[in-house]
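Reader: I am in my first year and would like a close look at one part of this molecule. Please pick the surface and the loop that feeds into it, and show me how the rest of the chain fits around them.

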Amino acid sequence: MKNQAASVTLAVNDIFRTRGNTIISSGDGFYQEYYRLSNPQLVKLNLSYRFGKMDMNMFKKNKNQNSMEGMQMQ
């Protein structure tokens with residue numbers, strides 16, 4: 001998009017619905033088999049837009065100022 005200020009992301013999980021778990025329990029006199037689909041099919045659409053330009057210099061600390069904070073003038 002204009003000035004690369006916006007971005008669009010599309011993500012799809014388990015599109016063919018193949019992710020599942022099989023649990024088999026057995027013991028004296030019983031046998032149990034259980035199948036369960038783990039996560040449902042999921043589609044995510046994300047739109048991000050940046051408003052203006054971030055100035056990272058305002059987050060940087062001045063090394064001289066930080067070293068002087070612990071000192072006291074006599």
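Author: Start with the surface as a whole. The chain has an accessible surface of about 7800 Å². Carbon and sulfur atoms own 53% of that area. Keep in mind that this is a predicted model.

Now the layout. The chain holds four strands and one helix. Read from the N terminus, the order is β-β-β-β-α. There are 74 residues, and buried ones make up 4% of them. Distant parts of the sequence do meet. Take the contacts with a separation of 6 or more: 58% of them link residues 24 or more positions apart.

Next, the part you asked for. A nonpolar patch lies on the surface. Its members are Val-8, Leu-10, Val-12, Ile-15, Phe-16, Val-43, Leu-45 and Leu-47. Together they offer about 920 Å² of accessible area. Two elements each give two or more residues to the patch: strand S1, residues 6–13, and strand S4.

Ile-15 belongs to this patch too. Where does Ile-15 sit? Its place is the loop between S1 and S2. Is Ile-15 buried or exposed? Its relative accessibility is 55%, and the cut-off for exposed is over 50%, so Ile-15 counts as exposed.

Stay in that loop. Asp-14 is there as well. This residue is buried, because its relative accessible area of 12% falls under the 20% limit. So Asp-14 is buried, while Ile-15 is exposed. The backbone of Asp-14 deserves a look too. Its phi is near 50°, a positive value in a residue that is not glycine.

Arg-17 lies in the loop between S1 and S2. Its phi is also positive, near 50°, and Arg-17 is not glycine either. Its relative accessibility is 43%, so Arg-17 counts as partly exposed.

After the loop comes a hairpin. Strand S2 covers residues 20–27, and strand S3 covers residues 30–37. The two run antiparallel, joined by eight bridges. To see one pairing, find Ser-25: its bridge partner in S3 is Gln-32. Two residues lie between the strands of this hairpin. Gly-29 has a positive phi there, near 85°.

Now go back to S4, which shares in the patch. This strand spans residues 42–49, and Ser-48 is found in it. Which residues does Ser-48 touch, apart from its neighbours within four places in sequence? They are Ala-5, Ala-6 and Ser-7. Ala-5 is 43 residues away from Ser-48 along the chain, yet their C-alpha atoms are separated by 8.2 Å. Is Ser-48 covered up? Its relative accessible area is 33%, which lies between the 20% and 50% limits, so Ser-48 is partly exposed.

Finish with a pair of rings. Two numbers describe such a pair: the distance of the centres and the angle of the planes. The structure holds one aromatic pair. Its rings belong to Tyr-49 and Phe-51, with centres 5.0 Å apart and planes at 70°, so the pair is edge-to-face. Tyr-49 and Phe-51 are both exposed.

Conventions: Residues numbered from 1 in each chain as written. Predicted model: local features only at pLDDT ≥ 70, side-chain atom pairs only at ≥ 80, totals over all residues. Heavy atoms only, no water. Buried < 20%, exposed > 50% of the residue type's maximum accessible area, 1.4 Å probe, protein only. Contact = heavy atoms within 4.5 Å. Pairing = 2+ DSSP bridges. Patch = residues over 30% accessible without salt bridge, like charges linked within 9 Å, V, L, I, M, F, W, Y side chains within 5 Å. Areas by Shrake-Rupley, 256 points an atom, 1.4 Å probe, with all protein chains shown as cover. Salt bridge = Lys/Arg side-chain N within 4 Å of Asp/Glu carboxyl O. Phe/Tyr/Trp six-rings, centres within 6.5 Å; stacked < 30°, edge-to-face > 60°.
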